[in-house]
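Hello,

Here is the structure I promised to pass on to you. Have a look at it first, and then read on for what turned up in it.

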Amino acid sequence: MKKKYFPVILLLLFCIPGIANEKPSSELNITGINDSIEIRIDTLIARMGFSSETPGGVIGVIKDGRIIFNKAYGLADYETKKPNTTSTLFNLASTSKQFTAAAILLLDKQKKLSLNDDIRSYLTDFPDYGYTITIENLIHHTSGIKSSDVLCLMAGTLFTENNREGDYNFIARQKSLNFKPGDEYLYSNSGYILLGKIVEKVSGMKFSKFVEENIFIPVGMTHTYIYDNLGKMTDNTATGHIPEGEGKYKESGYKNSTLTGISNVYTNIEDLLQWDNNFYSNKLGGWDFRKEMTALTLLNNGDKCNYAFGLNVSEYKGFKTISHGGGSGDFSTFYLQIPSEKLSVVCLFNTSAGATSLAYKIADLFISVTPQHVAHSSRPEKADIDSSLLQVCTGKYFDNDYWFEITITREGDHLIFESPYQGRFELFPSSDTTFFVTFADLQVVFSKNDKGEITKGAIIQGNQKFELTYLGTNTYHPSVHR
């Protein structure tokens with residue numbers, strides 16, 4: 001539920017062979033694209049290993065304010081064999097964060113709070129770490145507050161009490177920050193848990209009720225809801241699944257979690273069309289919705305933070321992009337918007353999948369890339385470094401955006417990167433902390449402290465950066481992700 005956002009990342013690089021799932025015409029809604037594009041999208045889905053016998057998802061393409069492609073694949077429920085349809089609702093996981101940020105913006109526009117307010121003005125029982133932490137720090141992940149999911153993972157567990165109050169109490173027990181507020185950007189689910197609490201304090205309403213009444217209904221998202229109690233799930237909701245081996249799947253325990261603010265917005269392509277259109281014509285008031293939602297901030301040292309209001313602002317092949325992804329182990333989602341083309345791609349899956357990679361591949365089918373859009377980069381030269389410097393980079397890392405663990409091992413004069421959803425590939429050193437791959441414009445960078453010890457890592461592709469939490473030799477493997 002993964003910081004500057006999880007974007008073109010390595011997920012762009014891997015597909016698994018499979019068989020395309022043929023869907024009846026009732027589950028297909030296409031307007032204005034040719035057959036070859038549909039076939040190419042079907043092929044991309046098939047290569048990811050999805051079929052009519054596996055969990056799957058729904059792919060939507062929005063162009064000029066209307067849906068031009070909307071197709072369902074696979075099963076909404078593996079056990080009952082109920083198929084996904086174009087109206088099936090999926091958990092957005094961390095893609096939900098933009099709605100939490102929008103709720104804060106709405107309250108700011110209503111003069112009920114200020115983004116510069118100290119969060120302890122609203123969360124009076126929250127620890128005083130000796131620094132002012134503002135609402136804006138929470139929005140942009142610059143607060144330094146430790147992420148609850150990483151804390152749980154390092155403690156050898158996954159959830160605290162499966163709800164926001166349980167997580168809030170867990171966060172509030174922490175004795176220190178990761179860094180001084182504003183010094184760094186580090187994706188933290190804790191910040192958006194706190195933002196949900198602040199929405200409730202200021203509005204006097206339950207978080208889900210405020211968002212549903214003040215955002216979903218005005219925008220026209222009539223099917224969307226926030227899952228904050230165990231009786232709220234509708235019959236038209238996809239069940240989340242995790243792999244069980246040998247091509248089999250099982251229902252995850254994630255639906256027992258009612259965490260809000262960071263996740264648990266359930267929606268479909270039709271409703272996301274209404275949300276997408278709101279970036280061009282705001283139904284939430286007389287203010288520039290796109291400008292406010294994509295406003296960036298500067299770190300204390302003057303560097304730009306590319307994480308806006310629950311959205312990553314970046315660039316792809318010369319085009320400005322607005323995006324966010326979500327992964328909870330049993331759901332995988334990605335929302336990609338290219339404003340200059342009035343093009344958006346939405347990928348919703350009810351199991352772990354390369355939703356990020358797929359969204360960009362589908363976008364490629366609709367954008368014309370001219371030479372000036374293509375960034376030219378030269379591959380770094382391989383450096384000869386001491387084997388001990390290679391060894392210090394090995395261990396376990398955790399991607400905060402998509403909730404999966406990465407293992408880095410040494411093999412001769414280079415490193416091996418391995419993760420459940422990104423495969424296994426070689427990393428070659430260009431320095432003792434920077435490594436590159438030979439098949440893409442992608443680097444992995446490690447940060448060290450004054451003692452030469454690894455403190456964190458990052459995956460860099462183009463101008464996108466995805467933070468990795470260093471777990472050391474921790475070998476805990478959660479079976480269900482948040």
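Let me start at one small spot: F90 stands opposite T267 in β10. Before going further, please note that this is a predicted model, in which local features need pLDDT of at least 70 and side-chain atom pairs count only at pLDDT 80 or more, while totals for chains, interfaces and linings use all residues. Residues are numbered from 1 along each chain as its sequence is written, and side-chain values use heavy atoms, with hydrogens and water left out.

**The small sheet**

F90 and T267 belong to a pair of strands: β6 and strand β10 (residues 265-267) are joined by two bridges and pair in the antiparallel sense. Strands here are DSSP runs of E with at least two residues, helices are runs of H or I with at least four, and both are numbered from the N terminus. Two strands count as paired if DSSP finds at least two bridges between them. β6 and β10 are part of an open, antiparallel sheet of three strands in the order β6-β10-β7. β6 (90-91) and β7 (225-226) are its edges; each has a single partner strand, so one side of each lacks a neighbour in the sheet.

**The chain as a whole**

The protein chain has 11 helices and 24 strands. Of its 482 residues, 59% are buried (buried is under 20% relative accessible area, exposed is over 50%, and partly exposed lies in between, with a 1.4 Å probe and protein chains only). The chain exposes about 18,400 Å², and carbon and sulfur atoms supply 47% of that area. Such areas come from the Shrake-Rupley method with a 1.4 Å probe; for residues, only the protein chains shown count as cover.

**The seven-stranded sheet**

Another open sheet has seven strands in the order β1-β3-β2-β16-β15-β14-β13, again with antiparallel pairing. Its edge strands are β1 and β13 (312-316), each pairing on one side only. On average, neighbouring strands of this sheet are turned by 20 degrees against each other, direction ignored. For such angles, axes are lines fitted to C-alpha atoms, for helices over the stretch in contact, and the angles run from 0 to 180 degrees between N-to-C directions.

Strand β3 (residues 66-73) is a good one to follow, with seven of its eight residues buried. Towards β1 (residues 28-30) there are three bridges, and the two strands run antiparallel; I30 has F69 of β3 as its bridge partner. Towards β2 (residues 57-63) there are seven antiparallel bridges, and K63 is matched with R66 of β3. β2 and β3 form a hairpin with two residues between them, and D64 in the turn has a positive phi of about 55 degrees. β2 also pairs with strand β16 (residues 343-349), antiparallel and over seven bridges, with G57 opposite F349.

Helix α1 (residues 35-47) packs on this sheet and touches β1, β2, β3 and β16, its direction making about 40 degrees with that of β3. Contact here means heavy atoms within 4.5 Å.

**Aromatic rings**

The whole structure holds 23 aromatic pairs. Rings of Phe, Tyr and Trp (its six-membered ring) pair if their centres lie within 6.5 Å; planes under 30 degrees apart are stacked, over 60 edge-to-face, and the rest tilted. In one of the pairs, the ring centres of F99 and W275 are 4.3 Å apart with the planes at 45 degrees, so this pair is tilted. It links distant parts of the chain, with F99 in helix α2 (residues 97-109) and W275 in helix α8 (residues 269-278), 176 residues apart. Both F99 and W275 are buried, and ring pairs link them with F216, F279, W287 and F289 into a cluster.

F435 and F446 make an edge-to-face pair, because their ring centres are 5.6 Å apart and their planes stand at 85 degrees. F435 is buried at 0% relative accessibility, and F446 is buried at 4%.

Y280 has charges over its ring: R290 lies at 4.3 Å from the ring centre, and the charged end of K342 is 4.5 Å from that centre. The test asks for NZ of Lys or CZ of Arg within 6 Å of the ring centre and within 35 degrees of the ring normal.

**Two positive phi values**

Most residues other than glycine have a negative phi. A93, not a glycine, has a positive phi of about 55 degrees; A93 lies in the loop between β6 and α2 and is buried at 0% relative accessibility. K111 has a positive phi near 60 degrees, lies in the loop between α2 and α3 (135-140), and is exposed at 74%.

Enjoy exploring, and best wishes!
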